[in-house]
Amino acid sequence: MADLDQFPVIPVIVIDNANDAVPLAEALIAGGLNIIEVTFRTAAAAEAIERIANKFPDMLVGAGTVVTAEQAQRAIDAGSKFGLAPGTDPETIAYFKSKNVPFIPGVMTPTDIQMAYKAGCKRLKFFPAGAAGGTKMLKAMCAPYSNLGVKFCPTGGVSLDNMLEYLAMPEVFAIGGSWLATKAQIASGDWAGITQQVKDALAKAAEV
Ligand code: 3PG
């Protein structure tokens, strides 16, 4: 099973053209990141995942914004090694579990945490991290669950400027962000810019 704790940073990708998938993955790998979250928000997502999984078998390619069991099936069939969602849906969690593929459901309340934990998830996405109150909210919310072994990936409003606040928390295993490879950069083929952003983020993460 994929080890999701290896990388402190997860690039959240919205891709419109599957032809961009391989050069994009190359740009991330060149920057030092062997992980990618391709969100299921575009028609190209499944094909993009398939191309990355075929070309870079060692890359941890995951599907994001997986909100139904049907999408979960398509994501896994395409080669996703993990999945994420902004929220917690028991059917989607159950599908990933049945395939033995790790899934990171989104949480923003204590009830969400308990639902996800009950369904067997110990890696959770704190979303939308910034708007929900950032580290102050996360610290307060996860304090009662310190004995459960749950860890969080804050996403939504995370940037190069604030990522260290999150990564400094022992309960945070990674942060996610779309700034690492924006839609505009992918569309214009700014692979060098993406590689540089990844390097900057990993250098920052190493400061923890
Ligand atoms: C997500 O899907 O995880 C968020 O849209 C990413 O949030 P960001 O654009 O603020 O990084």
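**Figure 1. Polar contacts between the ligand and the protein.** In this predicted model, a polar side-chain atom of Ser178 lies 2.5 Å from an oxygen atom of the ligand. Taken alone, the ligand exposes 310 Å², and the protein buries 78% of that area. Lys125 also takes part through its side chain, where an N or O atom is 2.8 Å from an oxygen atom of the ligand. Gly157 contributes through its backbone instead: a backbone N or O atom of this residue lies 2.7 Å from a ligand oxygen atom.

**Figure 2. The shell of residues around the ligand.** The residues around the ligand are Val12, Arg41, Lys125, Phe127, Thr155, Gly156, Gly157, Gly177 and Ser178. Sorted by class, this shell has two nonpolar, five polar and two charged residues.

**Figure 3. The sheet of six strands.** Strands of a sheet pair through backbone hydrogen bonds, either parallel or antiparallel. Here an open sheet of six strands shows parallel pairing in the order 5-4-3-2-1-9. Its edge strands are strand 5 (103-104) and strand 9 (175-177), each of which pairs on one side only. Strand 1 (residues 9-13) runs parallel to strand 9 and is joined to it by three bridges. One residue to locate is Val9, whose bridge partner in strand 9 is Ile175. Helix 2 (residues 45-55) packs on the sheet and touches strand 2 (35-39) and strand 3 (60-64). The direction of helix 2 makes about 160° with that of strand 2.

**Figure 4. The sheet of three strands.** A further open sheet, of three strands, has the order 6-7-8 with parallel pairing. Strand 6 (106-107) and strand 8 (151-154) stand at its edges with a single partner strand each, so one side of each has no neighbour in the sheet. Two bridges pair strand 6 with strand 7 in the parallel sense. Val107 stands opposite Phe126 of strand 7. Helix 7 (residues 134-142) lies across strand 7 and strand 8, and runs at about 140° to strand 7.

**Figure 5. Two features of the backbone in loops.** Most residues other than glycine have a negative phi, and most peptide bonds are trans. A cis peptide bond, however, joins Phe127 and Pro128, with omega about -10°. Pro128 is placed in the loop between strand 7 (123-126) and helix 6 (129-132), and Phe127 is also one of the residues around the ligand. Thr65, a residue other than glycine, has a positive phi near 55°. The loop that holds Thr65 lies between strand 3 and helix 3 (69-78).

Technical notes: Residues are numbered from 1 along each chain as its sequence is written. This is a predicted model: local features need pLDDT of at least 70, side-chain atom pairs count only at pLDDT 80 or more; totals for chains, interfaces and linings use all residues. Side-chain values use heavy atoms; hydrogens and water are left out. A residue is near a molecule or strand if one of its heavy atoms lies within 4 Å of it. A polar contact is a pair of N or O atoms within 3.5 Å; within protein, one must be able to donate a hydrogen and the other to accept it, and residues adjacent in sequence count only if both atoms are side-chain atoms. Accessible areas come from the Shrake-Rupley method with a 1.4 Å probe; for residues, only the protein chains shown count as cover. Ala, Val, Leu, Ile, Met, Phe, Trp, Tyr, Cys and Pro count as nonpolar, Asp, Glu, Lys and Arg as charged, and the others, Gly among them, as polar. Two strands pair if DSSP finds at least two bridges between them. Helices (H or I, at least four residues) and strands (E, at least two) are DSSP runs, numbered from the N terminus. Contact means heavy atoms within 4.5 Å. Axes are lines fitted to C-alpha atoms, for helices over the stretch in contact, and angles run from 0 to 180 degrees between N-to-C directions.
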